[in-house]
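Ready for a few short exercises? Open the structure in your viewer and try each task before you read its solution.

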Amino acid sequence: MASEDVVRKSSDSAVSKIVNLAEEAKIAREGVKTPSHAILSICKSLVAGGVAGGVSRTAVAPLERLKILLQVQNPHSIKYSGTIQGLKYIWRTEGFRGMFKGNGTNCARIVPNSAVKFFSYEEASKGILWLYQQQPGKEDAELTPLLRLGAGACAGIIAMSATYPMDMVRGRLTVQTEKSPRHYRGIFHALTTVFREEGPRALYKGWLPSVIGVIPYVGLNFSVYESLKVWLIKTKPFGLVEDSELSVMTKLACGAAAGTVGQTVAYPLDVVRRRMQMVGWKDAASVVTGDGKSRAPLEYTGMIDAFRKTVRHEGFGALYKGLVPNSVKVVPSIAIAFVTYEVVKDILGVEMRISD
C-alpha cells in the first residue's frame with residue numbers, strides 16, 4: 001500500500017508539473033507573438049484603414065469636388081455660388097459622372113493615406129504613452145486628450161507626406177471640366193505631365209500648409225473622437241452606453257463632432273494649399289483665382305504670400321470659401337471613416353483597438 005501511495009503521489013506530481021508547464025507555455029505564447037502573427041495584424045489594420053478611407057470618401061465625393069471648385073474658382077467668372085446651386089450646376093452640365101469626377105484619383109490617394117494614418121496613430125499612441133509612463137509617478141498613466149492630439153498629429157504628417165503627390169494631381173483632376181483647354185487623362189498622365197513640365201518639386205506644391213493644417217485637423221479628429229468615447233463610457237450620460245459599449249449611432253455622433261472641430265480649425269490652410277497646387281498649371285487661368293484687377297492667375301512665392309494675397313484681394317472670407325459643402329461633407333465622412341474602421345477590424349479579428 002505504501003508503495004502504491006508513493007507511485008500515485010509521484011504520478012500526480014508529474015501530471016501537475018506537466019499541466020503547469022503547459023499553462024506557462026500558453027502564457028508565453030500569448031505574451032510573445034510570432035513575427036508572422038505580428039505581420040498579419042499589421043496587414044489587417046492597414047486593410048481596415050484603407051477600406052474606411054475609401055468608403056467614407058466615396059460617400060461624399062460630390063461635395064468634395066464642389067468644395068475644391070469653390071476654393072479655386074475665378075471671382076471674375078462665378079459658376080458656383082453655393083452648395084445646392086453648385087451641385088445642380090455640376091449635374092446639369094456634366095451629369096452623374098461629373099459628380100464623381102476625380103473620385104478615382106481621390107480613392108487611390110485616400111485608401112493608402114487612411115491605411116497609413118490609422119496604423120500610424122495606433123503605433124504613435126503606444127510610443128507616446130510608453131514615453132509618458134517612463135516619468136516618475138506616471139507608471140500607470142493612460143492616454144490623455146493632449147497625448148492623443150500628439151499621436152494624431154504624428155499620424156497625419158506621416159500619411160500626408162507619404163501620399164502628397166497623389167493629392168496634388170487629384171486637385172487638378174478635380175477642377176478640370178469638359179471646357180478646360182487642357183485635360184489630364186488620369187492619375188499617371190497627370191503625375192508624369194507635372195513632373196515633366198514643372199519638375200519634381202511641383203508634386204509637393206502646397207506641402208507646407210498641408211502639413212501645418214494636418215496637425216490640428218487629424219490631431220483633433222483622433223483626440224476628440226477617442227476622448228468623447230472614453231468620457232461617454234465612464235460617465236454613461238443619457239443612457240447612451242450599455243455594457244461599456246457604444247452604439248453605432250453614438251460612435252457616428254462622436255466622429256461627426258470630431259470632424260467638425262478639426263476641419264473648422266484647419267480649413268484656411270486647406271484653401272491656401274489648393275491654390276498653391278494650381279500655380280504653375282499654365283492652362284488653368286480660367287480656374288485659378290485672379291488678382292482682383294485682371295484675369296491673369298496669381299503666382300504665390302510661398303504659403304505666407306498666398307495667405308496675404310488671398311486676404312488682400314478677396315477678403316478674409318475667401319479663406320473659408322467652400323466651408324459649407326466641406327462641413328456637410330466632413331461630418332458624415334469622418335464619422336463613417338471611424339466607424340467603418342472599427343467594424344472592419346472587428347470583422348477581421350484584429351485584437352488591438354484605437355481606443356486602447
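Three exercises on this predicted model follow, each with a worked solution.

**Exercise 1.** Decide whether threonine 340 is buried, partly exposed or exposed, and find what it touches.

*Solution.* Start with the location: threonine 340 sits in helix α11, which covers residues 323–348. Next, take its relative accessible area, 14%. Buried means under 20%, so threonine 340 is buried. Finally, look for contacts, leaving out residues up to four places away in sequence: threonine 340 touches Val51, Ala52 and Val55.

**Exercise 2.** Classify tryptophan 207 in the same way, then find the surface patch to which Trp207 belongs.

*Solution.* Tryptophan 207 is found in helix α8, residues 207–235. Its relative accessible area is 31%. Since the partly exposed class lies between the 20% and 50% cut-offs, tryptophan 207 is partly exposed. Now turn to the surface: Trp207 joins Tyr204, Leu208 and Ile212 in a nonpolar patch, and together the four have about 340 Å² of accessible area.

**Exercise 3.** Describe the largest nonpolar core: which members touch the most others, and which element gives the largest share?

*Solution.* This core has 34 residues, and Phe118, Val169, Val194, Phe222 and Phe338 touch the most other members. Then trace where the residues come from: α2 (35–59), α5 (103–133), α6 (145–175), α7 (187–198), α8, α9 (248–278) and α11 each give two or more. The largest share, eight residues, belongs to α6. As a last step, look beyond this core: another one, of 12 residues, lies apart from it and includes Leu66, Ile68, Leu70 and Ile90.

Technical notes:
Residues numbered from 1 in each chain as written. Predicted model: local features only at pLDDT ≥ 70, side-chain atom pairs only at ≥ 80, totals over all residues. Heavy atoms only, no water. Patch = residues over 30% accessible without salt bridge, like charges linked within 9 Å, V, L, I, M, F, W, Y side chains within 5 Å. Areas by Shrake-Rupley, 256 points an atom, 1.4 Å probe, with all protein chains shown as cover. Salt bridge = Lys/Arg side-chain N within 4 Å of Asp/Glu carboxyl O. Helix = DSSP H or I, 4+ residues; strand = E, 2+ residues; numbered from the N terminus. Buried < 20%, exposed > 50% of the residue type's maximum accessible area, 1.4 Å probe, protein only. Contact = heavy atoms within 4.5 Å. Core = buried A, V, L, I, M, F, W, Y, C linked by side-chain atoms within 4.5 Å.
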